[in-house]
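Hi,

Here is the structure I promised to pass on. Have a look at it first, and then read my notes underneath.

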Amino acid sequence: MSRSTIRSACAAGLLLLAVALPAVAQSPAAQGTPARYGPRPDTLRYESVNPFRMFWIVAGDTVGEPRRIRALEAHEWRGTAAEPLVLVQQTTLGFERTTKLDSMSVHADGRVKKINGEDPDVMSRVDFLTRLPAAPLALGTEWADTVTQLDAAGDAPTWFTVLRESRVTRFVDSLGGRLAEIESDGRVQFRLSIPPTEETRHPTWIEVSGPMTERAFFDVTGNRLILREWSMDLRGTGVAAQSTDTVTAGLTSSSTMTLAG
């Protein structure tokens with residue numbers, strides 16, 4: 001068994017212990033200043049799994065195969081408390097390993113401002129952190145946030161919007177800190193347009209919407225994200241590569257990102 005596997009198993013076991021602990025009163029640390037992302041001396045390492053399926057119903061057949069992306073990430077927080085900067089190295093695991101390094105300038109509440117010095121495009125990871133409220137994290141704290149990205153250029157508009165309401169449901173003591181459990185519900189609207197290719201010779205697109213749910217554990221003692229998981233089930237219409245007809249389409253997707261060491 002590799003060291004990374006052992007670390008992952010230990011982290012998963014500790015997280016399960018945290019989930020199994022009974023709810024306790026609000027964190028004393030949560031009664032003071034708001035929780036914030038910011039520079040830290042260590043590197044946070046995560047494992048993530050993202051199964052998804054984009055599909056179209058064409059002549060009674062479901063077109064679009066399920067896919068699953070597994071990755072390892074290293075988050076190195078730099079900058080200042082007022083201007084955090086996180087270097088994100090993501091290694092996708094599979095038949096061919098790929099590694100990508102991004103420098104992300106973020107707000108202290110988790111909103112992404114710049115990626116590699118540029119404004120994020122519509123397919124960038126602008127929602128990879130749990131959003132934090134302006135108020136301190138306390139039992140029952142509620143807040144809302146919106147994420148919107150748009151690329152309306154040319155004949156292939158692509159956009160997405162996430163409307164989300166979040167709340168702190170409990171605190172547990174684990175992993176050397178006080179963890180706030182955050183639960184969220186929301187709605188997603190998504191359109192993806194793919195320009196014509198030599199094979200399709202026509203634009204391929206999907207426009208879907210539907211509910212999403214999210215859960216996270218945030219360490220208010222160490223100001224670090226321990227776990228984030230979300231799922232969405234979207235339905236709508238689209239045009240597949242195999243046909244020029246507008247048909248029923250959908251997107252199911254989920255993601256789990258867990259602190260691994």
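Below is what I found, going from the aromatic rings to the main pocket and then to one serine.

Before anything else, please keep in mind that this is a predicted model.

**Aromatic rings**

Searching the whole structure turns up two aromatic pairs. In one of them, Tyr 37 and Trp 77 are stacked, with 5.5 Å from centre to centre and 10° between the planes. Tyr 37 sits in the loop between helix 1 (3-20) and strand 1, while Trp 77 belongs to strand 3 (residues 67-79), so this pair ties together parts that are 40 residues apart in sequence. Tyr 37 has a relative accessibility of 4%, which is why it counts as buried. Trp 77, at 5%, counts as buried too.

Tyr 37 also pairs with Phe 218: the ring centres are 5.5 Å apart and the planes are at 80°, so this pair is edge-to-face. Phe 218 is in strand 10 (residues 204-219), so here the parts tied together are 181 residues apart in sequence. Like Tyr 37, Phe 218 is buried. Put the ring pairs together and you get a cluster of Tyr 37, Trp 77 and Phe 218.

**The largest pocket**

The largest pocket comes out at a volume of about 1,500 Å³. Its lining is made up of 47 residues, and those nearest the centre are Asn 50, Met 123, Ser 124, Arg 125 and Trp 230. Which strand gives the most to that lining? That would be strand 1 (residues 43-58), with six residues. Sorted by class, the lining has 23 nonpolar, nine polar and 15 charged residues.

**Ser 193**

You may also want to click on Ser 193, which is in strand 9 (residues 177-194). Is Ser 193 buried or exposed? Its relative accessibility is 11%, and buried means under 20%, so Ser 193 counts as buried.

Its side chain reaches the backbone oxygen of Pro 157 at 2.4 Å. There is also a polar contact of 3.2 Å between the side chains of Ser 193 and Arg 191. If you leave aside the neighbours within four places in sequence, Ser 193 is in contact with Ala 156, Pro 157, Thr 158, Thr 204 and Trp 205. Pro 157 therefore turns up twice for this serine, in the contact list and as the partner of its side chain, and buried is the word for Ser 193 because of that 11%.

Cheers

Definitions and conventions
Residues numbered from 1 in each chain as written. Predicted model: local features only at pLDDT ≥ 70, side-chain atom pairs only at ≥ 80, totals over all residues. Heavy atoms only, no water. Helix = DSSP H or I, 4+ residues; strand = E, 2+ residues; numbered from the N terminus. Buried < 20%, exposed > 50% of the residue type's maximum accessible area, 1.4 Å probe, protein only. Polar contact = N/O pair within 3.5 Å; in protein donor to acceptor, adjacent residues only side chain to side chain. Contact = heavy atoms within 4.5 Å. 1 Å grid on protein atoms, 1.4 Å probe; cavity = no way out; pocket = protein on both sides within 12 Å on 5 of 7 lines; lining within 4 Å. Points joined across faces, edges and corners; volume = space filled by probe spheres on them. Nonpolar A, V, L, I, M, F, W, Y, C, P; charged D, E, K, R; others polar. Phe/Tyr/Trp six-rings, centres within 6.5 Å; stacked < 30°, edge-to-face > 60°.
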